[in-house]
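The following account leads through a structural model, from its surface to its interior and then to its backbone. Please keep the sequence and the coordinates in view while reading.

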Amino acid sequence: MYDSEDLERIRESREEWEADTLGPTLDRFGERQEQFTTDTGGQPVDRLYTPEDVSELDYEEDLGFPGEEPYTRGPYPTMYRGRLWTMRQYAGFGTPDETNERFHYLLDQGQTGLSMAFDLPTQMGYDSDATMAQGEVGKSGVAIDTLADFERVFKGIPLDEVSTSMTINAPASVLLAMYIAVGDKQGVDREELRGTIQNDILKEYVARNTYIFPPEPSMRVITDIFEFCADETPKFNTISISGYHIREAGATAAQEIAFTLADGIEYVETALDAGLDVDEFAPQLSFFFNAHNNILEEVAKFRAARRMWATIMEERFGAESPKSKQLKFHTQTAGSTLTAQQIDNNIVRVAYQALAAVLGGTQSLHTNGKDEALSIPTEDSVRTALRTQQILAHESGAADTIDPLAGSYYVESLTDDVEAKALDLIDEVEQQGGMRQAVEDQWVQRQIQDVAFERQEEVEEKDRVIVGVNEFQVDEEAEVDIEEVTEEDEQRKVNGLEAVKDDRDEAAVEDALAALRDAAESDENLMPYIVDAVKAYASVGEICNTLRDVFGEHRP
């Protein structure tokens with residue numbers, strides 16, 4: 001991008017600046033610390049960046065224009081000038097009725113998409129009356145047992161007018177089937193249903209541990225979903241390949257995108273091995289990333305991920321459709337950075353993280369509530385979190401031009417550095433035999449654990465400042481409202497499940513589960529059978545137990 005003579009002049013000018021201007025100041029005052037690095041990646045941050053640091057940058061090949069390969073500057077030609085990102089606040093707790101109330105509240109406050117949180121028993125494929133569920137019903141999200149619960153969650157919410165993201169993985173097929181069934185009952189054409197299921201089981205083995213089945217049958221279920229949705233629900237994203245939880249477990253920015261894209265490679269290869277056409281299912285792949293504290297590193301990460309995925313899909317898999325090469329992603333601000341101490345500080349953290357996501361070109365965004373280190377967020381903190389997005393969208397100017405940090409010597413250099421580190425990590429994954437093998441061998445987990453341990457040591461030794469935690473502490477404790485799910489709430493949920501079971505056609509349930517078992521023992525697509533079971537009001541636990549009997553359970 002720069003003439004060699006221009007670069008030489010800049011080099012000479014920099015040397016003069018270092019000797020005449022910088023030198024005396026350094027001699028007199030020094031700098032705050034000996035070395036500066038990025039937030040998690042440990043990438044050295046130079047004192048100054050100039051055209052020398054991006055001298056090999058090729059604008060058309062490395063950046064291009066929005067909506068064109070390599071999509072570094074965004075997947076759409078107009079980005080936020082055409083339409084703002086979807087403001088999709090993560091919500092769901094306690095009972096379906098409480099979640100329905102919170103959904104309506106958020107929509108009334110200007111939210112533009114729903115994001116559904118499930119409790120731990122639902123995520124693990126257990127019903128509310130299961131022994132394993134005791135004490136956890138409704139705690140980390142809404143408890144879902146049968147289609148009756150989904151009908152109550154979406155009461156008064158037309159599914160042809162909203163899109164819904166569901167953070168569900170091992171039983172994703174069951175919850176997707178429930179969503180389809182609610183749409184059918186509302187008279188919504190399946191082709192008009194919009195939303196996303198997370199459905200990213202490899203990440204569960206790495207970072208989150210809400211898995212049910214071993215990797216091989218889990219991947220079979222995922223490809224069944226790909227195939228079914230390509231025909232039935234073409235506007236629904238069949239997977240949200242998630243770096244968010246990888247980052248929450250302690251990964252660096254480069255590890256986050258490397259392991260996430262490596263997961264994506266594994267899913268694409270599995271689908272191709274199952275006989276699917278890449279341009280039929282790849283447009284329905286979506287991604288989910290974390291927005292951490294270091295604004296410029298996060299922006300560089302998002303830009304690098306887009307460029308990498310476009311190259312992977314074209315060069316490795318021969319994708320021809322532009323939609324197959326466009327990495328589109330949801331972002332959530334970093335829950336692991338929220339502190340129980342001085343919780344109002346979390347509002348500031350979340351705002352900066354949201355700014356990074358927008359400057360990086362996210363397609364949808366969740367901003368955390370300030371009190372999430374303590375409990376499910378209250379209505380007040382949820383509203384503040386949503387207002388953070390709305391102020392960013394309408395008052396900050398950050399959404400008025402596309403990729404506003406493009407051309408920054410530092411950001412472009414950092415984008416290249418993050419990409420290079422991530423590509424090296426993907427090569428290492430390949431040497432381990434691919435992502436599935438690297439996960440089964442615990443190699444990926446060890447890489448993340450090593451970084452997480454180092455970062456915690458830095459916090460404890462105060463080499464890494466966490467405001468309000470290891471520096472700038474205060475003695476007083478703020479009083480905060482906390483949302484709680486009681487034992488009485490749990491018992492009401494169990495009673496409700498019993499009532500559904502008493503009222504349903506038991507023979508229809510048994511027939512549907514038997515048909516599902518037969519399909520699981522064959523190579524038939526499971527989704528039609530799961531939809532039939534859901535419509536008969538078979539429970540999440542009953543459906544998952546049927547598949548457990550055939551597939552077994554994962555034991556790391």
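**From surface patch to nonpolar core**

On the surface, L374, V480 and I482 make up a nonpolar patch whose accessible area together is about 210 Å². Patches are built from residues with over 30% relative accessible area and no salt bridge, joining like charges within 9 Å and nonpolar side chains (Val, Leu, Ile, Met, Phe, Trp, Tyr) within 5 Å. Accessible areas are obtained by the Shrake-Rupley method with a 1.4 Å probe, and for residues only the protein chains shown count as cover. The model is predicted, so that local features require pLDDT of at least 70 and side-chain atom pairs count only at pLDDT 80 or more, while totals for chains, interfaces and linings use all residues. Residues are numbered from 1 along each chain as its sequence is written, and side-chain values use heavy atoms, leaving out hydrogens and water.

Within the patch, L374 belongs to the loop between β10 (364-366) and α15 (379-394). Helices (H or I, at least four residues) and strands (E, at least two) are DSSP runs numbered from the N terminus. L374 has a relative accessible area of 37% and is therefore partly exposed; buried means under 20% relative accessible area, exposed over 50%, and partly exposed in between (1.4 Å probe, protein chains only).

In soluble globular proteins, nonpolar side chains tend to be buried together. A nonpolar core is a set of buried Ala, Val, Leu, Ile, Met, Phe, Trp, Tyr and Cys residues joined through side-chain atoms within 4.5 Å. The largest nonpolar core here has 132 residues, of which M116, I144, F150, F154 and M166 touch the most other members. Apart from its neighbours within four places in sequence, M166 is in contact with residues including M116, F118, F150, L175 and F236, where contact means heavy atoms within 4.5 Å.

T146 is another residue of the interior: its relative accessibility is 1%, so it counts as buried. T146 sits in the loop between α4 (120-123) and α5 (147-153). With neighbours within four places in sequence set aside, its contacts are M178, L497, V500, Y537, A538 and S539.

**Charged pairs**

Side chains of opposite charge can pair when their charged atoms come close. A salt bridge is a side-chain nitrogen of Lys or Arg within 4 Å of a carboxyl oxygen of Asp or Glu, and by this rule there are 43 salt bridges. One of them joins the side chains of E69 and K325, at 2.9 Å from N to O. This pair links distant parts of the chain, 256 residues apart: E69 is in the loop between α2 (59-63) and β1 (86-87), and K325 is in helix α13 (residues 322-325). E69 counts as partly exposed because its relative accessibility is 36%, whereas K325, at 6%, is buried.

The salt bridge between D224 and R220, at 3.1 Å from N to O, lies within one helix. Both residues belong to helix α8 (residues 215-232), 4 residues apart, about one turn of the helix, and both are buried.

A further salt bridge connects the side chains of E506 and R504, at 3.2 Å from N to O. E506 is partly exposed, with a relative accessible area of 35%, while R504 is buried at 11% relative accessibility. Elsewhere, D97, D145, D149, R152 and K493 are joined into one network by salt bridges that share partners.

**Cysteines**

A disulfide is a covalent bond between the sulfur atoms of two cysteines. Counted as a pair of cysteine sulfur atoms within 2.5 Å, the number of disulfides is 0. C229 is in no disulfide, and the nearest cysteine sulfur to it, that of C544, is 17 Å away. For C544, the closest cysteine sulfur is that of C229, and the 17 Å separation is too far for a bond. C229 is buried, with a relative accessible area of 0%, and C544 is also buried, at 1% relative accessibility.

**Backbone features**

E69 appears again here, joined to P70 by a cis peptide bond with omega of about 5°. P70 is placed in the loop between α2 and β1.

Although D403 is not a glycine, its phi is positive, at about 50°. D403 lies in the loop between α15 and α16 (409-431) and is buried, since its relative accessibility is 7%. K462, likewise not a glycine, has a positive phi of about 65°. Its place is the loop between α18 (443-460) and α19 (487-503), and its relative accessibility of 45% makes K462 partly exposed.
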